[in-house]
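Biologist: Please take a close look at the salt bridges in this one for me. I'd like to know who pairs with whom and where the partners sit, and then whatever you can add about the rest of the fold.

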Amino acid sequence: MMMMVSAGELGVYVVESKGGAIACITLSLLCLGTWPALLALLERRGRLPQHTYLDYSITNFFAAIFIAFVFGQIGESTPEEAPSFITQLTQIQDNWPLVLFALAGGVGLSIGNLATQYALAFVGLSVTEVTSASITVVIGTSVNYFLDNKLNRADVLFSGVACFLVAVCLGSAVHSSNSADVEAKFGKLSGDCKTVSQEEYCQRLFGGEEEEMENVKEGTAPFLIALENKRAIKVLGKSMVVGLSITFFAGLCFSLFSPLFNLATNDQWRTLEPGVPKLIVYTAFFYFSLSCFVIAVALNVTFLYKPVLDSPRSSFKGYLNDWNGRGWALLAGLICGFGNGLQFMGGQAAGYAAADAVQALPLVSTFWGIYLFGEYRRSSPRTYALLVGMLVMFAVAVGLLMASAGKRETR
């Protein structure tokens, strides 16, 4: 499953087999489908998105440093084929074109993740992940297929892409049907309990005595109103165009970062001088995460004082003093960082087009959305039927994209 290239006691770990690549991609799928749920959880608790994303960015970068030093080797390795992480850091005067590709990929991911955090509040966990993942697959996977010199089986790969498109259509139908259900719930508000206190809502969503939650019915109009009063980003009554536009923008950013990382590690455009080794996946991931971290910090410190989308204003001192939910935000960063690393490690072996199977992460995110937040609770049978259809198509898409994996020849 793993191969160690070494000239001494330490070496560079490389995923070698198709089975190892699929294992990395599967673990990455679980990680990348979980961290958005943690960010959504904190926003629903009322924590400012600027505070959450700053915490998330710190541990996300820490994960990249850990992966680079542990798997990328400290010391000498094979200079001509697989130089160590430290060695490549000192060769930036030779490999700078690929470093720029990695840095650009990190910028795309950072902006995409930041946009996702706001889209989660406006259009919900399931719809955000379905839409952004579909754009990533349709654009990013197609680009990766040709960058990888058609490493993957085209018939299987693009059948998976088609399944994603079908799932997107079903996801849009789910959202439309669920919106109609919500309108119906507000129309029947007089039939539900008239008032819901903040304390009752928090107990229902985050734990508490069961007998103290009897008047708060999950999925009812009073529950949705209490959620709006508690959350950090107010969304009721605002145009859905805003949320959907943010979601499409996030998907476009996501569709670019994987091909850019592919170029950084394989140099398909032959930007390096003869004899200069390509970036190993761990060096590229370090530069990728470095730019991701810098952009995230710069934007969110700015948003502390000049918030967007009517978010509350804060300050750097306010951020430092906000420990409510900080542990969850730090955990989200670690999960996302290791998820990205595993995706790239698997993609280096099986092809980045197959590694884009992690964009089926809405399978995981939808589970968390239903389990944690009660999405689609008390919805109509039509909504449930469409939801099941969407999840089935995503499952088929995952299988097809993984089945398309080829084995990259070592050169």
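Modeller: Here is the charged cluster, followed by some helix packing, two loop residues and a surface patch.

A quick caveat: this is a predicted model, so local features need pLDDT of at least 70 and side-chain atom pairs count only at pLDDT 80 or more, while totals for chains, interfaces and linings use all residues. Residues are numbered from 1 along each chain as its sequence is written, and side-chain values use heavy atoms, leaving out hydrogens and water.

On to your request. Searching the whole structure gives four salt bridges (a side-chain nitrogen of Lys or Arg within 4 Å of a carboxyl oxygen of Asp or Glu). R47, D55, D322 and R326 are tied together in a network of these bridges. Start with R47: its side chain meets that of D55 at 2.8 Å, N to O. R47 also bridges to D322, at 3.2 Å from N to O. That second pair joins distant parts of the chain, with R47 in the loop between α1 (18-45) and α2 (49-71), D322 in the loop between α11 and α12 (326-350), and 275 residues separating them. (Helices here are DSSP runs of H or I, at least four residues, and strands are E runs of at least two, numbered from the N terminus.)

How covered are these two? R47 has a relative accessible area of 3%, so it is buried, and D322, at 16%, is buried as well; the cut-offs are under 20% for buried, over 50% for exposed and partly exposed in between, with a 1.4 Å probe and protein chains only.

D55 has another partner too: R326 forms a salt bridge with D55, and their closest N and O atoms are 3.0 Å apart. This pair also spans distant parts of the chain, from R326 in helix α12 to D55 in helix α2, 271 residues apart. Both R326 and D55 are buried.

Now the packing around α4 (residues 92-123). α4 and α5 pack at about 130 degrees, their axes 7 Å apart (lines fitted to C-alpha atoms over the stretch in contact, with angles from 0 to 180 degrees between N-to-C directions). The two are therefore oblique to each other; under 35 degrees would be roughly parallel, over 145 roughly antiparallel, 65 to 115 roughly perpendicular, and the rest is oblique. α4 also packs against α10 (residues 281-305), at about 45 degrees with axes 6 Å apart. That again makes the pair oblique.

Two loop residues have positive phi without being glycine. R270 has a phi of about 50 degrees and sits in the loop between α9 (240-266) and α10. At 72% relative accessibility, R270 is exposed. L309 has a phi near 55 degrees and lies in the loop between α10 and α11 (316-321). With a relative accessible area of 31%, L309 is partly exposed.

Last, the surface. V138, I139, V143, L165 and L252 make a nonpolar patch with about 350 Å² of accessible area together. Helix α5 (residues 125-147) supplies the largest share, three residues. V143 belongs to α5 and is partly exposed at 36%.

Methods. Patches are made of residues with over 30% relative accessible area and no salt bridge: like charges are joined within 9 Å, nonpolar side chains (Val, Leu, Ile, Met, Phe, Trp, Tyr) within 5 Å. Accessible areas come from the Shrake-Rupley method with a 1.4 Å probe; for residues, only the protein chains shown count as cover.
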